[in-house]
Amino acid sequence: MFNSTYDVRSLLAATRRLRDGKELDIPGPAFLRNLLMNKLDKTQIGGLLREFKLVQED
């Protein structure tokens, strides 16, 4: 369903606005963050997080 109340894209856009445009802080050492983002980039979730600028571009 596009543009529904529970559309993930709407929720991610709202999250970005609520965080005043700041990116998400992923806790832990840098190598674990990189490993997590490499795994997420292989999925649609990683693409959506980068599209809505919730994680930094490498």
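This is a chat about a predicted model of a single chain and how its helices, core and pocket are arranged.

Colleague: Okay, what are we looking at, and how many helices and strands are there in the chain?

Modeller: It's a predicted model. The chain has three helices and zero strands, so to speak an α-α-α run from the N terminus on.

Colleague: And how much of the chain counts as buried?

Modeller: Of its 58 residues, 19% count as buried.

Colleague: What about contacts between residues well apart in sequence, say at least 24?

Modeller: Take the contacts between residues at least 6 apart in sequence: 46% of them join residues at least 24 apart.

Colleague: Let's go inside. Which residues make up the largest nonpolar core?

Modeller: Eight of them: L12, A13, M37, L40, L49, F52, L54 and V55. Two elements give two or more residues to that core, namely α1 (8–18) and α2 (30–41).

Colleague: Any general background for that sort of grouping?

Modeller: In soluble globular proteins, nonpolar side chains tend to be buried together.

Colleague: Now α3. Which of its residues are buried?

Modeller: Helix α3 covers residues 44–51, and its buried residues are G46, L49 and R50.

Colleague: Why do those sit on the same side of α3?

Modeller: Because they cover an arc of only 95 degrees around the axis. As background, an α-helix has 3.6 residues a turn, so residues three or four places apart point the same way.

Colleague: What covers that buried side, and what's on the face turned away from it?

Modeller: The cover over the buried residues of α3 includes α1 and α2. The face turned away carries the exposed residues Q44 and E51.

Colleague: Stay on α3 for a second. What does L48 touch?

Modeller: L48 is in helix α3, and apart from residues up to four places away in sequence, L48 touches V8, R9 and L12. L12 also belongs to the largest nonpolar core.

Colleague: How many residues apart are L48 and R9 in sequence, and what's the C-alpha to C-alpha distance?

Modeller: They are 39 residues apart in sequence, with 7.6 Å between the C-alpha atoms.

Colleague: Is L48 buried or exposed?

Modeller: Partly exposed, at a relative accessible area of 21%. The cut-off for buried is under 20%, so L48 doesn't count as buried.

Colleague: Changing topic: where is L24?

Modeller: L24 is in the loop between α1 and α2. L24 is partly exposed as well, with a relative accessible area of 35%.

Colleague: Which residues is L24 in contact with?

Modeller: Leaving out neighbours within four places in sequence, R19 and L54. L24 and L54 are 30 residues apart along the chain, and their C-alpha atoms are separated by 5.6 Å. L54 is one of the core residues.

Colleague: Backbone check. Which residues other than glycine have a positive phi?

Modeller: D20 is one of them, with phi near 55 degrees, and K53 is another, with phi also near 55 degrees.

Colleague: Where do those two sit?

Modeller: D20 is in the loop between α1 and α2, while K53 is in the segment after α3. D20 is exposed, with a relative accessible area of 68%, whereas K53 is partly exposed at 48%.

Colleague: Last thing, pockets. What's the volume of the largest one?

Modeller: About 250 Å³. The largest pocket is lined by 12 residues, and the closest to its centre are I26, R33, N34, M37 and Q56. M37 turns up in the largest nonpolar core too.

Colleague: Which element gives the most to the lining of the largest pocket?

Modeller: That's α2, with four residues.

Colleague: And how do the lining residues divide between nonpolar, polar and charged?

Modeller: Five are nonpolar, two polar and five charged.

Methods:
Residues are numbered from 1 along each chain as its sequence is written. This is a predicted model: local features need pLDDT of at least 70, side-chain atom pairs count only at pLDDT 80 or more; totals for chains, interfaces and linings use all residues. Side-chain values use heavy atoms; hydrogens and water are left out. A nonpolar core is a set of buried Ala, Val, Leu, Ile, Met, Phe, Trp, Tyr and Cys residues joined through side-chain atoms within 4.5 Å. Buried means under 20% relative accessible area, exposed over 50%, partly exposed in between (1.4 Å probe, protein chains only). On a 1 Å grid over the protein atoms alone, a cavity is a set of points where a 1.4 Å probe fits but cannot get out, and a pocket is an open set with protein on both sides within 12 Å along at least five of seven lines; lining residues have an atom within 4 Å of a point. Grid points are joined across faces, edges and corners, and a volume is the space filled by probe spheres set on the points. Ala, Val, Leu, Ile, Met, Phe, Trp, Tyr, Cys and Pro count as nonpolar, Asp, Glu, Lys and Arg as charged, and the others, Gly among them, as polar. The arc is that of the directions from the helix axis to the C-beta atoms. Contact means heavy atoms within 4.5 Å.
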